[in-house]
Amino acid sequence: MRSRRNTPRIIAIGGGKGGVGKTTIAANLALAIGRTGYRVCVVDADLGAANLHTALGVLHPQRCLADYIDHQTEALEDVMTQVTPTVQLAAGTSRPGSANLGATEKLRLLRAIANLDAEVVVIDVGAGTSYTVVDLLAAADHKLIVLSPQLTSLHNAYALLKACVHRVVRKHATDEMHRDLIDSALGQETKARTIPQLLGTLRPLDEALASSIEGTLKRFGVSLVGNQLSAAAEGEALRKMTPLIRDKLMLNAPFIAGIKRSQSLAGSLSAGVGTIASRPNDEAHLAFRQLADVLLATDLSVIRGVDLGEGVRGRAPTVPLWIQRGLEADAAAGR
Ligand SMILES: Nc1ncnc2c1ncn2[C@@H]1O[C@H](COP(=O)(O)OP(=O)(O)OP(=O)(O)O)[C@@H](O)[C@H]1O
Ligand SMILES: [Mg+2]
């Protein structure tokens with residue numbers, strides 16, 4: 001067995017809605033972190049609609065994530081393409097059917113990501129609220145939710161976070177009794193029901209279960225990133241999501257960056273330019289540098305809820321236990 005190394009800082013980028021800028025942000029953030037000297041792996045997990053390689057200028061990757069998922073390679077490292085001296089890419093796949101990962105494949109992928117030989121992993125999880133998207137986000141240390149200044153983006157981001165929270169709640173069931181309790185609490189859900197109300201129903205029935213769910217939600221580590229902003233007022237409107245998410249979903253979701261609509265990020269085939277902010281003084285370039293700094297300054301031990309201790313910085317269970325247990329139960333049940 002390979003010697004144990006530190007678990008990389010994992011940053012997943014989702015948003016619910018298509019086209020809000022997840023891939024643009026994944027590519028530019030990975031490059032910005034790479035420029036600070038950290039070894040970065042950027043993973044295109046937008047299975048079925050992959051295009052992170054194109055954003056990074058890798059037009060024909062030799063290997064892709066599907067090679068690992070289909071067991072054509074043993075190690076996830078084998079599918080990497082070097083993009084810059086510090087940034088490697090696991091290109092995505094658009095093979096038909098690849099977007100539907102089973103529980104066993106998903107757990108294998110999550111463990112491989114957590115064991116990558118890198119200091120930081122950036123994952124583009126793609127659009128939507130599928131279980132693959134939700135689990136990739138949930139297993140990450142930082143869950144970046146990209147919002148664009150459209151109402152539909154806000155609705156879809158909220159739907160994604162709600163899907164995550166319901167997954168957290170359901171995956172805390174370790175036996176039949178818990179499952180019944182949780183299902184009956186969730187089953188009473190009406191349009192107005194919030195997570196505090198759900199926990200209020202659960203708590204008198206099982207205090208330990210309710211506290212455990214609450215603890216996981218407290219550490220869930222969501223960050224909101226505004227993108228394609230053209231006026232300051234748009235950023236202000238997006239910031240209103242933070243209290244809404246706290247009150248209804250019990251998640252701490254600070255707004256950590258606002259990226260403006262910028263010519264250097266607007267990929268254009270006719271102009272032959274990509275979606276990378278490559279000029280160091282460009283406003284977008286600086287915005288990604290700042291976003292990288294904010295993320296890298298966050299203490300991993302706080303996010304992971306473990307005392308990493310001296311000399312073992314960054315070590316933690318590879319995949320959060322509640323996800324591991326849940327996926328193992330799904331695999332055993334053939335789900
Ligand atoms: N800040 C920005 N300024 C200008 N154009 C942008 C900005 N962010 C993204 N874009 C452009 O918007 C389009 C969609 O961006 P991108 O592909 O990154 O979105 P996505 O969320 O990954 O989409 P999908 O859900 O389809 O994967 C691209 O053409 C990209 O160049
Ligand atoms: Mg994309």
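User: How many residues surround ligand 1, and which are the closest?

Analyst: This is a predicted model. In it, 21 residues surround ligand 1, and the closest are Gly18, Gly21, Lys22, Thr23 and Thr24. Two elements give two or more residues to this shell, namely helix 1 (22-35) and strand 7 (222-229).

User: Which element gives the most to the shell around ligand 1?

Analyst: Helix 1 does, with three residues.

User: How many residues of the shell are nonpolar, polar and charged?

Analyst: Sorted by class, the shell around ligand 1 holds twelve polar, six nonpolar and three charged residues.

User: Next, the sheet. What is the order of its strands?

Analyst: A strand order is read from one edge of a sheet across to the other. Here the open sheet has eight strands in the order 3-4-2-5-1-6-7-8, and the pairing is mixed. At the edges stand strand 3 (80-84) and strand 8 (255-260). Each has a single partner strand, so one side of each is left without a neighbour in the sheet. On average, neighbouring strands are turned by 25 degrees against each other, direction ignored.

User: How many bridges join strand 6 to strand 7, and do they run parallel or antiparallel?

Analyst: Strand 6 (residues 142-147) and strand 7 run parallel and are joined by five bridges. As one instance, Leu144 has Ser223 in strand 7 as its bridge partner.

User: Which strands does helix 1 touch where it packs on the sheet?

Analyst: Helix 1 touches strand 1 (9-14), strand 2 (40-44), strand 3, strand 4 (87-90), strand 5 (120-124), strand 6 and strand 7. The direction of helix 1 makes about 170 degrees with that of strand 5. Helix 1 also belongs to the shell around ligand 1, as noted above.

User: Which strands does helix 5 lie across?

Analyst: Helix 5 (residues 131-138) lies across strand 1, strand 5 and strand 6, and runs at about 145 degrees to strand 1.

User: Now a pair of helices. At what angle do the axes of helix 7 and helix 8 cross?

Analyst: The axes of helix 7 (residues 176-187) and helix 8 (residues 195-202) cross at roughly 135 degrees and come within 9 Å. An angle over 145 degrees would count as roughly antiparallel. Helix 7 and helix 8 are therefore oblique to each other. The crossing is right-handed.

User: Which residues meet where helix 7 contacts helix 8?

Analyst: From helix 7 come Leu181, Ala185 and Leu186, which meet Leu198, Thr201 and Leu202 of helix 8. Of the residues in this contact, five are nonpolar, one is polar and none is charged.

How values were computed
Residues numbered from 1 in each chain as written. Chains lettered and ligands numbered in written order. Predicted model: local features only at pLDDT ≥ 70, side-chain atom pairs only at ≥ 80, totals over all residues. Near = placed C-beta within 6 Å. Helix = DSSP H or I, 4+ residues; strand = E, 2+ residues; numbered from the N terminus. Nonpolar A, V, L, I, M, F, W, Y, C, P; charged D, E, K, R; others polar. Axes fitted to C-alpha atoms, helices over the stretch in contact; angles between N-to-C directions. Parallel < 35°, antiparallel > 145°, perpendicular 65-115°, else oblique. Left-handed = near helix turned anticlockwise from the far one by under 90°. Contact = placed C-beta atoms within 7 Å. Pairing = 2+ DSSP bridges.
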